Amino acid sequence: MRYLGLIQKKERWGLTVSGFLLVTFLSISIFAAAMVGIHPFLSANNPVGGEVLVMEGWMPDKLVEKVIEIFKSGSYRRIVTTGGPLAHGSYLVGYNNYAEVAAGSLRKLGIDPHLLSVVPVPKVERDNTYAAGVSFGKWLQQSGMAVRSVDICTMGCHARRTRLLFEEALGDDVKVGIIALEDPNYDPEIWWKTSNGVRAVVKETVAYVYAKIFF
């Protein structure tokens, strides 16, 4: 019905109180499930019993001993450290990149240098993890080792993205396993209660989606 062409009456559908409560409940439930489930999803932990153990060199010192435990408990033929240029401190520590720092820590804690290889990653503007996978793939080819499977040690919610990008870099000829060491900077069960946890999960969620789309 129109009044002088200025007003029009229309039928409108809307939520009842019960409908609004149901939608609110479902929204909260989905959000809560995402909060609980996103960290285990990102922190994929699926080793394949590889022949080589790869350590991402940027991890904190607290995790070095854990990497050594994993190496000694497995049937790995070699441990390889990867990592890009140090952001600062190279003049003081005498190392140029995180791969060398990690290797130095491993040697200091008793790893046989003959079982250790260092794979530096060149400086890149983006996709550092993919660059690490490419550098490791080149090292594999040059090493002469007939490697069919590798396990990668990384930290927390970085794991799923690491596995994805190493798989892309190494191709179908090498099976990639992943070992997610617990991030010592926050409790993964309640990651949303600390700034470190929120920062890590949000960053890795965005980065994983980016990697999934563009790789």
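How do α5 and α6 lie relative to each other: parallel, perpendicular or oblique? α5 and α6 are oblique to each other, and we'll get to the numbers in a moment.

First, some ground rules. This is a predicted model, in which local features need pLDDT of at least 70, side-chain atom pairs count only at pLDDT 80 or more, and totals for chains, interfaces and linings use all residues. Residues are numbered from 1 along each chain as its sequence is written, and side-chain values use heavy atoms, with hydrogens and water left out.

## The whole chain

The chain has seven helices and seven strands. Helices (H or I, at least four residues) and strands (E, at least two) are DSSP runs, numbered from the N terminus. Starting at the N terminus, you pass the elements in the order β-β-α-β-α-β-α-α-β-α-β-α-β-α.

Of the 215 residues, 41% count as buried; buried means under 20% relative accessible area, exposed over 50%, and partly exposed in between (1.4 Å probe, protein chains only). The chain exposes about 13300 Å², and carbon and sulfur atoms supply 57% of that area. Accessible areas come from the Shrake-Rupley method with a 1.4 Å probe, and for residues only the protein chains shown count as cover.

What about contacts (heavy atoms within 4.5 Å)? Take those between residues at least 6 apart in sequence: 73% join residues at least 24 apart.

## Two helix pairs

Two packed helices are described by the angle between their axes and the distance between the axes. Axes are lines fitted to C-alpha atoms, for helices over the stretch in contact, and angles run from 0 to 180 degrees between N-to-C directions.

Back to the opening pair. The axes of helix α5 (residues 128-143) and α6 come within 8 Å and cross at roughly 45°. Angles under 35 degrees count as roughly parallel, over 145 as roughly antiparallel, 65 to 115 as roughly perpendicular and the rest as oblique. α5 passes α6 in a right-handed crossing. (A crossing is left-handed if the near helix is turned anticlockwise from the far one by less than a right angle, and right-handed if clockwise.) On the α5 side, the contact residues include Tyr130, Val134 and Phe136, and α6 brings Leu165, Phe166 and Leu170, among others. Sorted by type, the contact residues of this pair are eight nonpolar, four polar and two charged. Here Ala, Val, Leu, Ile, Met, Phe, Trp, Tyr, Cys and Pro count as nonpolar, Asp, Glu, Lys and Arg as charged, and the others, Gly among them, as polar.

Now follow α6 to its other partner here. Helix α6 (residues 159-170) and helix α7 (residues 195-214) pack at an angle of about 20°, with their axes 9 Å apart. That makes α6 roughly parallel to α7, and the crossing of these two is left-handed. Arg160, Arg161, Leu164 and Leu165 of α6 meet Glu204, Ala207, Tyr208, Ala211 and Lys212 of α7. This contact divides into five nonpolar, no polar and four charged residues.

## Some residues to look up

Here are four loop residues and how much of each is accessible.

| Residue | Loop | Relative accessible area |
|---|---|---|
| Val48 | between α1 (17-42) and β3 (52-56) | 26%, partly exposed |
| Gly50 | between α1 and β3 | 1%, buried |
| Asp127 | between β5 (116-120) and α5 | 23%, partly exposed |
| His158 | between β6 (149-155) and α6 | 7%, buried |

Asp127 has a phi near 55°, a positive value in a residue other than glycine. For background, most residues other than glycine have a negative phi.

His158 touches Glu56, Trp58, Thr129 and Glu204, leaving aside neighbours within four places in sequence. Thr129 belongs to the α5 side of the α5 and α6 contact, while Glu204 is on the α7 side of the α6 and α7 contact.

With the same kind of neighbours left out, Gly50 is in contact with Tyr76, Ser149, Val150 and Asp151. Val48 is in contact with Ser149, Val150, Asp151, Lys175, Val176 and Gly177, again not counting residues within four places.

Val48 also leads us to Ile179: they are 131 residues apart in sequence and 9.3 Å apart in space, C-alpha to C-alpha. Ile179 lies in strand β7 (residues 175-181) and is buried, with a relative accessible area of 9%. Its C-alpha is 4.8 Å from that of Cys153, 26 residues apart in sequence. Beyond residues up to four places away, Ile179 touches Asn45, Pro47, Leu53, Ile70 and Tyr76, among others.

Terms used
Contact = heavy atoms within 4.5 Å.
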